[in-house]
Amino acid sequence: MIYVHVAIHVALVLLLPPLVLGVINKTKAVFAGRVGPPLLQGYYDLIKLLRKGVVLSSTTTWIFRAGPAVSLITTLGAAAIVSLGGHAAPLAFTGDFLLFATLFGLGRFFMIAAALDTGSSFEGMGGAREATFSCLAEPALFFALLVLAKATGSLSLTGMLDSRLSDVWGTSGAALVAIAASVLIVLLAENSRIPFDDPNTHLELTMVHEVMVLDHGGPMFAVIHYAAALKLFVFGALFLGIVAPLGYIDEWIAWPVFVGTELMLGVLVGVIESVMARLRLVQVPALLLAACLMSAFGALLLVKP
Amino acid sequence: MIDELSAWLVLAAIALCTLSGIPGLFAARSGRAWERFAAVLLVGGCIAAIASGVLGLLGYTSELDAEWSIPGGSFHFGVDAIAAVFVIPIALVSALGAIYGLEYWPQREHPDTGRGLRAFYGVLTGGLLLLVVAKNGMLFFLGWEMMALAAFLLITTEDQHASVREVGYVYILATRFGTLCLFAMFAMLAAASGGSLEFDAWRPALAGPLRDAIFLTALVGFGIKAGVMPLHVWLPGAHASAPSHVSAQMSGVLIKVGLYGLVRITSLCENPPLWWGIALIAVGVVSAVLGVAFAIGQHDLKRLLAYHSVENIGIICLGLGLALIGRAEDRPELVALGLAGALLHVWNHGLFKSLLFLSAGAVVHATGTREIDRLGGLWRRMPRTGMSFLIGAVAICGLPPLNGFISELFIFLGLFRAAMLLGGPTWLVAMLAAAALSLVGALALACFVKAFGAVFLGLPRSSDGATAHEVGKRMRMPMATLALGCIAIAVGPAVLAPILDDATKAWLGHGATPLELAAPTLTIAIANGALLIVLAIFLRRAARPKPAEVGTWDCGYAAPRARMQYTSSSFADMLVRLFAWALRPARHAPKFTEYFPQQAAFDSHVPDTVLDRGVRPLFRIVGRVADRVRMLQAGRIHLYLLYILATLLVLLLFR
C-alpha cells in the first residue's frame, strides 16, 4: 500500500506543478477581465521550449549549463522530502528538514553562478538580489520549522506535517497562524512572485529571477521553467501542510483534497498578484524581516508560562 | 610495544617536523636539494603523526612520562581520542602545505626568505603537534610558544612591506595578550589543585570556587588564538599577508588549537554551570554572523577567506556550547550531537578552508593579485584550480552533498533538540542560535558564490587575469587530496560516528549516547552519495564542450565589455548596507554639481571595525600612558640585567 502512495506522490510532483502556474495566470486574467491563456499553457510552453535549439554565449563555461540541471535535481530532491496531504514522504528521516532547506541552497548557488558566468551586469544584478533576499528568507523558514518541531515533537518534515499538527491547531493555533503567514511570505519571495518580483515584467532592472536567466534558451530554459514551477509546488505543499493538515482524514480522500487545496493556493497567489503592486526593491528586505519577526513571534507563543 | 606505539610515533613526528627545516638553514642560498629534504622530513613526520592519531582513534591510546628539570614540568604526553582528533588534521594539512610550498615558494625564486620560511614552518608544525598531545602545563606551554612565535615569523615573511610589518605587530600583541591570560589560567588551576601542573590533577580545580574565573580566562586566552569575534583583530591581516600555504595551515589548523584548549579545559569539569554553554553559544553566534558579514564586504580574496574562519570558529563554538549545555542539563544526546558536530567541523573546516586557501594561493601565484575585482574568467585558464575552489565553496556553505553539511546537520539537530526538550532561557538560546545558523549559511552562500563568480567566471577584468596559467602538479596534488577528503567525509559519516563517539566519551569521562541514536548517519550518507552520483552524471554531460557562436545576449546589449560586468563589490552592496550598523563601510563617492563633470573616482571598503574603532584608540591611550614609564626601558642591556638581578633578590628576600 505504501508503494501506491509513493507512486501517487511521484506522479503529482512530476505532473502537477505547471497546472498551478496555469491557475495563477487564469486567476490574474479573470481579475483583469481577460480570457487569459488556457490552464494547460505551462505544459505547451515546456513542449515548445524542449523542441528548440540552444544558443550559447562564448563567455560561458559549463557552469552556465550546469545551473539549470542542478536546480532541477535539487528541487526534485526537496520534492521527495516534503509530505503531500499528510502522507509520509518518500524520503523521511530525522533532520531531513535541513536537507530540504540546503538542497534549495545548492540549486541557488549554481543558478547564481550560471548567471555570473555570462559576464552580464543585468544577470549579476539578479543574482545579487536572489542571494540577498534568500539570506533574509532563510531564518524565517527556520523559525517556522522550529515551531513545527517543538509543537509536534518531530524532527522530520513528514512528522511535522502529519496528524499531530491538527491537535496543535487546537492548543497553540496562534503560533501556527504566525508561522503560516511567514511561510506564505517566504513562498512568494523564494518563488519570485509579486510583491517581491513580477514574473511578467520586461524591465530587467526591477527583476530578480527572470533577469538571472536571460541568456538561457531552449531546453535549458524549459528545465528552468519546470524547476521554478516545481519549487512553487513544493513550497505550496509546505504551506498547505501547516494551514490545512490532512493527516486526520482518510488517506485516500486526502489525495484529491490535497490537489484541490494546491490549486486553491494557485488562486490565492493569483489574487495576491492581482490586488498588490510590486514593492520597491529597497522595501523588500523590510517585508522579509517582518516575516522573520512574525515566525519568531510564533515561536515565542509556544512557550508555556 | 603496541601499547606505547602511538606515543613514540607522535614523539618522532614532533622531532622530525620541528627539525625538518633546520639543516637547510646552513645550506647555500641557491641550494635546492635542501628544500626537498625539508619537505620529505616534514611529510614523514606528519605520516607518523597521522599513524599515531589513527592508533589513538582505534583505541590504542598511550602515554609517556619522563622527568624534566623545569619546575612543575614533566615530559608527560600521550595521544588520547581528543588529541587524536586534532593531530590528524594538523598533520594532514601541514604535510600538504609543505608539498604545495615547494612550488609556491621555491628557494630559487625566494633566496632570501625560502630557508627561514621552511624552518619556521617545521617548528610551527612541531609546536602544534606538541601542544595537542601534552598532558602537562609546562609542556603545553612549550608547544604553545613554539607555535605562537613561529607563526609570527611566518606571517612576517615578506617584512619588506610596511603593511606586513604592521600585521605582524598586531599579531604578536594579540598572541602575547592571549598567553598572559593563559598564564593567569594556569596559575589559578595550579593554585586550586595543590600546585600541580599535570592536566589530570586539575579536575578538583574545575569543581572549586575558582572555576568561573578559570573558564573566563580560558575563553579569552584561547578565544584570541581561535579568533572569535571580537578577539579576532589579528586574524584577517595575518591570514592575508602570510604565504598561502601558511595561511592554509593557520586557518585550517592553527586557530583550531584555541578550540582544542577549550575542549580540553571543559573536559576536566564534571558538571559545568549552565551559563558556560550559553556564553559559548553567544560567542559562537556573534562570531559566525559578524564573521560572514565582514567577509561579504572584503575585496581581498584571502581576507575574505580569513573572515570566514571567524565564522566557522563561531559554528564550532556553537557545537561546543551545546555540548556544555547538554552536560549541565544531563541530556546526553545534546552532548553527543554538539561535540560530534564541533569536532567534525574542526576536521571539515581544516579540509575545506585549507583547500580554499590553497586555491586562492594558486590564483595569486598565477595572476599576482589578491584583488577580487581585478580577476575574472579564470575558469578557462585554470579549470582544476577552479574546480578545487568550487568544491571548497560548496562545502564551506554547508550544502549537500559535501562535508560541511554533515557537521552543520549535527549542530542543527542538537539545537532543534535542545529547543524541543528544554524550557526557560535555554529554549530561547537554542532557538535564536538555530535561526542565526541558518542566516549564516545563506550569507556564506552569497559570499562564496560572489567570490567564485567574480574570480573564475565571466571575463577577465584586468590584464592580470588574462595572462594566468594553470599551476603545476605539486600545487594541484594537495588541492586534489583535500577535495577528495571533503567528499570522503560527506559519504562516510556512518564510519566516523564511532570515532566521534570515542572522542565524546573521552570528553565526558564516561559512556555517552552513541551518535547513531541521535542522528541518522547512515541515511545521510546514502542520500549524500546518491546526490553526488546524480550530480556527477549530469555535470559530466554538461561539461561536454558545446559550440558557442555568439557573445552574451544580455537583452540585446550591443557591445558588452569586461569592465561592465557586475563586480564583487556591487554584488555584495545590498548585504553590506543591511549590515552597515556593524560593518561601517567607508565610501568615497564624488559629488557632481556641474552638468559636465570631470573625471572622478569612487571607492568603498569595509575596514575591521573592532581593530580600527576599538583596539587602535585603546592602544593610543595605552601608548600615551606607557610613554611615562619609558625611561625604565632604556635599551641598555646591563640595565636589564640589573632589573633581573633585583627581581631575583626581592623574590629571594620574600621567600
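How many salt bridges does the rule count over all chains? In this predicted model, the count over all chains comes to 16 salt bridges, and the close-up views described below take up one of these pairs, the interface between the two chains, two pockets and some backbone features.

**View 1. A salt bridge links Glu35(B) with Arg118(B).** The closest N and O atoms of Glu35(B) and Arg118(B) are 3.6 Å apart, a separation that falls within the 4 Å limit applied to such pairs. Glu35(B) belongs to helix H3 (residues 33-57) of chain B and Arg118(B) to helix H5 (residues 114-133) of chain B, so the pair ties together parts that lie 83 residues apart in sequence. Side chains of opposite charge can pair in this way when their charged atoms come close.

**View 2. Chain B meets chain A across an interface that buries about 6,000 Å².** Of the area buried between chain B and chain A, 79% is on carbon and sulfur atoms, and the contact involves 71 residues of chain B and 65 residues of chain A. The rule finds 0 salt bridges across this interface, whereas 11 residue pairs, with both residues at pLDDT 80 or more, are in polar contact between chain B and chain A. On the side of chain B that touches chain A, two or more residues come from each of helix H15 (378-381), helix H16 (383-396), helix H17 (403-421), helix H18 (424-456), helix H23 (521-543) and helix H24 (568-578) of chain B. H18(B) gives the most to this side, with 16 residues. Sorted by class, the side of chain B that touches chain A holds 56 nonpolar, 8 polar and 7 charged residues.

**View 3. The largest pocket has a volume of about 1,300 Å³.** This pocket is lined by 50 residues, of which Leu21(A), Pro199(A), Glu210(A), Phe221(A) and His225(A) are the closest to its centre. At least two lining residues are supplied by each of helix H2 (17-32), helix H3 (41-50), helix H4 (62-81), helix H5 (96-117), helix H9 (209-212) and helix H10 (218-243) of chain A, and H10(A) provides the largest share, 9 residues. By class, the lining of the largest pocket consists of 23 nonpolar, 15 polar and 12 charged residues.

**View 4. The second largest pocket has a volume of about 940 Å³.** Among the 40 residues that line the second largest pocket, those closest to its centre are Ala240(B), Ser241(B), Asp300(B), Arg303(B) and Arg370(B). Helix H7 (162-192), helix H9 (235-241), helix H13 (301-329), helix H14 (332-367) and helix H26 (609-628) of chain B are the elements that give two or more residues to this lining. The lining of the second largest pocket divides by class into 16 nonpolar, 13 polar and 11 charged residues.

**View 5. In chain A, the loop between H8 and H9 includes Ser192(A) and Pro195(A).** Ser192(A) has a phi near 55°, a positive value in a residue other than glycine. Pro195(A), which lies in the loop between helix H8 (164-190) and H9 of chain A, is joined to Ile194(A) by a cis peptide bond with omega of about 15°.

**View 6. A cis peptide bond runs from Met229(B) to Pro230(B).** Omega of this bond between Met229(B) and Pro230(B) is near 0°, and Pro230(B) is found in the loop between helix H8 (211-226) and H9 of chain B.

Note on methods
Residues are numbered from 1 along each chain as its sequence is written. Chains are lettered from A and ligands numbered from 1 in the order in which they are written. This is a predicted model: local features need pLDDT of at least 70, side-chain atom pairs count only at pLDDT 80 or more; totals for chains, interfaces and linings use all residues. Side-chain values use heavy atoms; hydrogens and water are left out. On a 1 Å grid over the protein atoms alone, a cavity is a set of points where a 1.4 Å probe fits but cannot get out, and a pocket is an open set with protein on both sides within 12 Å along at least five of seven lines; lining residues have an atom within 4 Å of a point. Grid points are joined across faces, edges and corners, and a volume is the space filled by probe spheres set on the points. Helices (H or I, at least four residues) and strands (E, at least two) are DSSP runs, numbered from the N terminus. Ala, Val, Leu, Ile, Met, Phe, Trp, Tyr, Cys and Pro count as nonpolar, Asp, Glu, Lys and Arg as charged, and the others, Gly among them, as polar. Contact means heavy atoms within 4.5 Å. Buried area is the accessible area (1.4 Å probe) that two parts lose on being put together, summed over both. A salt bridge is a side-chain nitrogen of Lys or Arg within 4 Å of a carboxyl oxygen of Asp or Glu. A polar contact is a pair of N or O atoms within 3.5 Å; within protein, one must be able to donate a hydrogen and the other to accept it, and residues adjacent in sequence count only if both atoms are side-chain atoms.
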